[in-house]
Amino acid sequence: MITDLIDVHAPAIDLQGLVKSFGDNEVLKGIDLTVTAGEVVCVIGPSGSGKSTLLRSVNLLEEPTGGKVLIEGIDITDPDVDIDRVRTRIGMVFQSFNLFPHLDVMGNLMIAQQRVKKRSKAEAEKVALAMLARVGLAEKADAYPGHLSGGQQQRVAIARALCMNPDMMLFDEPTSALDPELVGEVLQVMRSLADEGMTMLVVTHEMGFAREVGSRLIFMDGGHIVEEGDPREVLGNPQHQRTKDFLSRVL
């Protein structure tokens, strides 16, 4: 059982000297980052700074070139670790919604529950309906992704992740593909998750969300964590010149 390996006193996420290279391009240059249970850590920075690679390394969607990734005390860079079992504890929401277009909403929410969690159809259905209600889409159970707005599709993607009962959620710029008027409905769901104590690591351009909901803000540039701290402090009074330059363009 994966639960037998979990250290309840360990951080939810612990990155130690994380390095990731694509050929000669070193995208992450020795990242040290700890996220404790219940924290909402927001990551900002320019394109190409390594934000998404950092996030994708947390569940080994990107294989680190060096360093360690520990999830609840389990070193998932250890080749003997069953990474698929660990991944069931980590919900992931992407920029693009990655829903199966040929399945209705319920099908999208049930398939991994039945195949990975080995839940019965009845149990998977019950969980799916509960998670749909949680994101405010109970009435869309029979709809197909192509008939939903972008905001609704992203909320379905969040519900799908929640169906697996994750201990933490990773969000990779979840509102960047949405029309501006649809952003708010997705951020509201994320706010409610934060209020409920969900551990979250969020790559985002939404500075208002980072300021209001984040417990910590990280600014990345050139594969490094340049600055981190209380979101209001970092956004209102950045200490590093590179942070100041970036924020002057986006705020």
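Is Gly-151 buried or exposed? At 0% relative accessibility, Gly-151 is buried, since the cut-off for that class is under 20%. The views below are taken from a predicted model.

**Figure 1. Overview of the chain, with 9 helices and 10 strands.**
The radius of gyration is 18 Å, close to the 18 Å that the globule rule gives for 251 residues, so the chain is as compact as a globular protein of that length. Along the principal axes, the C-alpha atoms fill a box of roughly 55 × 45 × 35 Å. Buried residues make up 53% of the 251 in the chain. Among contacts with a separation of 6 or more, 66% join residues 24 or more positions apart. The accessible surface amounts to about 11,300 Å², and carbon and sulfur atoms hold 48% of that surface. The chain carries 25 positive and 36 negative charges, and the mean positions of the two sets are 3 Å apart.

**Figure 2. Close-up of Gly-151 in helix α5.**
Helix α5 covers residues 150-162. Leaving out residues up to four places away in sequence, Gly-151 touches Leu-178, Leu-182, Glu-185 and Val-186. The relative accessibility of Gly-151 is 0%, which places this residue in the buried class. For a view across the chain, Arg-242 serves as a reference point: 91 residues separate Arg-242 from Gly-151 along the chain, and their C-alpha atoms are separated by 33 Å.

**Figure 3. Close-up of Val-69 in strand β4.**
Strand β4 spans 66-71. Val-69 is buried because its relative accessible area is 0%, and buried means under 20%. Beyond residues up to four places away in sequence, the partners that Val-69 touches include Asp-14, Leu-15 and Leu-18. Ser-57, Val-58 and Pro-64 are also among the residues touched by Val-69. Later in the numbering, Val-69 touches Ile-74, Asp-75, Ile-76 and Thr-77. The C-alpha atoms of Val-69 and Arg-115 are separated by 26 Å, with their positions 46 residues apart along the chain.

**Figure 4. Close-up of Glu-72 in the loop between β4 and β5.**
Which sign does phi of Glu-72 have? The value is positive, near 50 degrees, and Glu-72 is a residue other than glycine. Most residues other than glycine have a negative phi. The loop that holds Glu-72 runs between β4 (66-71) and β5 (74-75). With a relative accessible area of 12%, Glu-72 is buried.

**Figure 5. Close-up of Lys-118 in the loop between α3 and α4.**
Helix α3, on one side of this loop, consists of residues 105-115. Lys-118 is not a glycine, but its phi is positive, at about 60 degrees. The relative accessible area of Lys-118 is 65%; the residue is therefore exposed, as the class begins over 50%.

**Figure 6. Close-up of Glu-125 in helix α4.**
Helix α4 takes in residues 121-134. Where residues up to four places away in sequence are not counted, Glu-125 touches Met-106 and Met-110. Is Glu-125 buried, partly exposed or exposed? Its relative accessibility is 34%, so Glu-125 counts as partly exposed, between the limits of 20% and 50%. Glu-125 and Val-69 lie 56 residues apart along the chain, and their C-alpha atoms are separated by 33 Å.

**Figure 7. Close-up of Val-27 in strand β2.**
Strand β2 comprises residues 25-35. Val-27 has a relative accessibility of 13% and counts as buried. Thr-53 is 26 residues from Val-27 in sequence, and the C-alpha to C-alpha distance in space is 7.6 Å. Val-27 is also in contact with Thr-53. Apart from neighbours within four places in sequence, other contacts of Val-27 include Lys-20, Ser-21 and Phe-22. Ser-49, Gly-50 and Gly-223 are likewise in contact with Val-27.

**Figure 8. Close-up of Cys-42 and Cys-163.**
How many disulfides does the structure hold? The number is 0. Cys-42 is buried, at 0% relative accessibility. Cys-163 has a relative accessible area of 0% and is buried.

Methods
Residues numbered from 1 in each chain as written. Predicted model: local features only at pLDDT ≥ 70, side-chain atom pairs only at ≥ 80, totals over all residues. Heavy atoms only, no water. Disulfide = S-S within 2.5 Å. Buried < 20%, exposed > 50% of the residue type's maximum accessible area, 1.4 Å probe, protein only. Helix = DSSP H or I, 4+ residues; strand = E, 2+ residues; numbered from the N terminus. Rg over C-alpha atoms; globule rule 2.2 N^0.38 Å. Contact = heavy atoms within 4.5 Å. Areas by Shrake-Rupley, 256 points an atom, 1.4 Å probe, with all protein chains shown as cover. Lys, Arg positive; Asp, Glu negative; His and termini not counted. Charge placed at Lys NZ, Arg CZ, Asp CG, Glu CD.
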